[in-house]
Amino acid sequence: MSSNKELVEPLSPLGPLQDEKQDYKHADVESVSEADSQFGVLQDEREIVTSVISVADDPSLNPWTVRAFVIGIGLSAFGGVLAEIYYFKPQTVLVSTMFLAIISYILGICMETVIPRYGIFRYLNPHPFNKKENAFIVIMSGAAANSALGTEVLAVQRLFYNITPNPGASILCYGIGGLFRSVLLYPSKMLYPGALPLVSMFDALFKDAAGANRKLKIFWIAFAAIFLWEMFPEWIFPLLTGFSIFCLANPRSADFTRIFGGSNGNEGLGLFSICFDWQYISGGTNPMAIPLRAQFSNLIGYILCMRVIFCLAVERVVFVAVYYKNIWQSKNFPFLSQELFYENGTLYDQLLILNDKFEVDPKLLAEQGLPFYAGSWVVQLLSTNLGMAATFTHLLLWNFDDMKAAWSWISISGLRDLWKKFDWKFWKHDGMRDQDTGNEEMDPHYREMLKYPDAPNSWYIVTLVISIIMALVIIYKTDSTLPWWGFLISILLATLSILFFGALYAITGLAFIIQPFVQMIGGFIHPGKPMANMYFVLFSYNSVQQAQLLLRDLKIAQYTKLPPRAAFTAQIVGTLFGAVLNFVLMNSIIDNQRDILLSVEGTNIWSGQQPQQYNSQAIAWGGLSHELFAIGKRYQFVAWAYLFGFLVPVPFWLVHKRWPKLRADYLYTPVICYYIGWLCVGINSSIWSYFTIAWLSQWWLRTRYPKWFAKYNYIVAAALDGGTQVMVFILSFAVQGAWGANQAGNYDRCALVDT
């Protein structure tokens, strides 16, 4: 630990923070003189949110315009349709908020410029396009794009079970997540680092100050540069996706492929590979935005990942005892894969073990035998369970004061106060909050929001009740095989997970994929019922995923001072509208491309890989949890890992209490555990580039050039994400394939391993 101390600890501040930073009413970084060399290093979340983005609010800016609704609904249709199309594409491309923000800004400025402001046209162009309108549109269209997550189960039912489901929209996440606003949204500690580049871009786009103009100029320069550059790794010269000098030196070694390869899916671990493609370097977690503490724990997990997975398949490290013992039959299967296999290494046909009710038949299972996982995927399952369990203990030990508000209402006095504040005539609630604005602990952005009527808890409670009724109708009308009590268990699991994993996501910016754990729990509760498992996952895991996005969008609203009721309206309208479009488009695609979606290969235009994978996991977990993961079974340690995970943070906490100078508090133990299995699948060539950029941004720039970091780091991060996503969107529809692709092998010229 001590050997890493100089690396991970921030340098002492270069000087005292200026008065402007302490005055939150005027905390915009542009207010600090360029000549001020004493600008301090940003040390905590509060300093970041008062220095990087503007705290000032202009109450005269109106988001409730016809223009905002027109663009919002139009982009909701665009985002929702695009997300559903991408779900059935061979390449996985996400419709990001940054992409939607840039498109909505261009459309808003065009309407402001072209449409006159007199007569009936004044309703479409009442005043200059403003930041709150842009935030309103982004939240609405982002909610529509995210609603595509709920069509996974419906697509699987139609493709594999010949069941035509009824349409429905799950807004459980809004009801549950909204009730945790006081814990997961309002405090400064709940930073949501991924939202900072977007808000920084808004500040630059809609501010007239000289400093903002410089930021805007840098934004467009970086945007244009990365936009043009992405044509090379994405189309012209894909070797730039993963440049491995080791594979170029020895392009015939399978061992080199497994260790140093990583430019293609499931190729290798990408050790020392260099990636020049920002799409993979950023990949949903921009390295210039994630705090250094989270990055450092991430790095430790990555190093452990290299060693653990390496031990399972390569004969060159001290820990190869597991390889020589052939644990989990690892040498029979591909190095990296999440598929199910027969013992001889061929793909497992799950449909051969199901009866006509799509339940696991013991006789058919005995004929086929139990499936196997690749050793690297088992490591991923183990590390996921370790990280998930460690999350609960870690937050209770280190962040108890931040979390206790989530259950303080359970006391008699708390329930009495809740009942007194609840207004059954929720539509008449004035939304004004009686809070002490002089409280120094109050987040300065939240303080500015108190002038606007809130979307009260009663709104979220009504949303939750309505969504529960809708869900109960859906599970019985769609032959889901999920009983009502199983649905209630999924809701309880979702509520607990939203609280803890939502807090970890808000603090670190890193979102855990807890789907395997949820599938395992569902499998133990409903053995032999894959369909029930899919619906259990829909109402638990998908609710957690969407709730995190909901709370992130509400944080964007808080940072941009978008009134809470406008944010609530945008989310509900976007979700419901997107759900209808997703359902219609899903049915259309399946009706016209059914044979292709059911094939293993697919085409270069359509692919059923995602619904196939979802169905396979449901069968494996929902049908075979007891046979694979119970005590005494082949993968029993996957389940035991969850219990061991509860203990992981305890030694670090005790060490910090006894020897605080060792800075054991600097580590996020859940992040370390979770990322031990990080490299189990996918394109891994970007890892070293990711950590290099993270170190340059969050340590070198932040400590050596703190003023530049505060002014330009996040706006450059936004430009790199935005330019990349616009070019990827264009290329995904405009061209097929790549000029410089090594079509007969891997892009990085590593040996093609026959799996």
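In this predicted model, Arg67 has a relative accessibility of 0% and therefore counts as buried, the cut-off being under 20%. Its partner shares that setting: Glu133, also at 0% relative accessibility, counts as buried. The side chains of these two residues meet in a salt bridge, with 2.9 Å between N and O. Because Glu133 belongs to helix H6 (residues 131-146) and Arg67 to helix H4, the pair ties together parts of the chain that are 66 residues apart in sequence. In general terms, side chains of opposite charge can pair when their charged atoms come close.

Helix H6 takes part in a further pairing of this kind. A salt bridge joins the side chains of Asp203 and Lys131, at 3.0 Å from N to O. Here Lys131 sits in helix H6 and Asp203 in helix H10 (residues 196-205), so that distant parts of the chain, 72 residues apart, are linked. Both Asp203 and Lys131 are buried. Beyond this pair, salt bridges with shared partners bring Asp57, Lys132, Glu448 and Lys451 together in one network.

Within that network, the contact between Lys451 and Asp57 can be described in some detail. These residues form a salt bridge whose closest N and O atoms are 3.2 Å apart. Each partner is found in a loop: Lys451 between helix H22 (444-449) and helix H23 (457-477), and Asp57 between helix H3 (45-51) and helix H4 (66-87). The two are 394 residues apart, and the pair links distant parts of the chain. Their surroundings can be set side by side: with a relative accessible area of 37%, Lys451 is partly exposed, whereas Asp57, at 17%, is buried. In total, the structure holds ten salt bridges.

Turning to the cysteines, the structure holds one disulfide. Such a link is a covalent bond between the sulfur atoms of two cysteines. Here the partners are Cys247 and Cys750, and their sulfur atoms lie 1.7 Å apart. The torsion about the S-S bond is about 85°, and the disulfide is therefore right-handed. Since Cys247 is in helix H13 (residues 245-249) and Cys750 in the segment after helix H33 (706-734), the bond between them ties together parts that are 503 residues apart in sequence. Cys247 and Cys750 are both buried. Two further cysteines can be placed by their accessibility: Cys275 counts as buried at 3%, while Cys110, with a relative accessible area of 41%, is partly exposed.

Another pair brought together across the sequence is that of Asp349 and Ser616. Their C-alpha atoms are 9.0 Å apart in space, although 267 residues separate them in sequence. Asp349 is placed in the loop between helix H17 (321-324) and helix H18 (362-368), and it is partly exposed, with a relative accessible area of 33%.

These local features belong to a chain with 33 helices and zero strands. Of its 755 residues, 57% count as buried. The accessible surface of the chain comes to about 31100 Å², and carbon and sulfur atoms account for 63% of that area. Contacts across the sequence can also be viewed for the chain as a whole: among those between residues at least 6 apart in sequence, 79% join residues at least 24 apart.

Key
Residues numbered from 1 in each chain as written. Predicted model: local features only at pLDDT ≥ 70, side-chain atom pairs only at ≥ 80, totals over all residues. Heavy atoms only, no water. Helix = DSSP H or I, 4+ residues; strand = E, 2+ residues; numbered from the N terminus. Buried < 20%, exposed > 50% of the residue type's maximum accessible area, 1.4 Å probe, protein only. Contact = heavy atoms within 4.5 Å. Areas by Shrake-Rupley, 256 points an atom, 1.4 Å probe, with all protein chains shown as cover. Disulfide = S-S within 2.5 Å. Salt bridge = Lys/Arg side-chain N within 4 Å of Asp/Glu carboxyl O.
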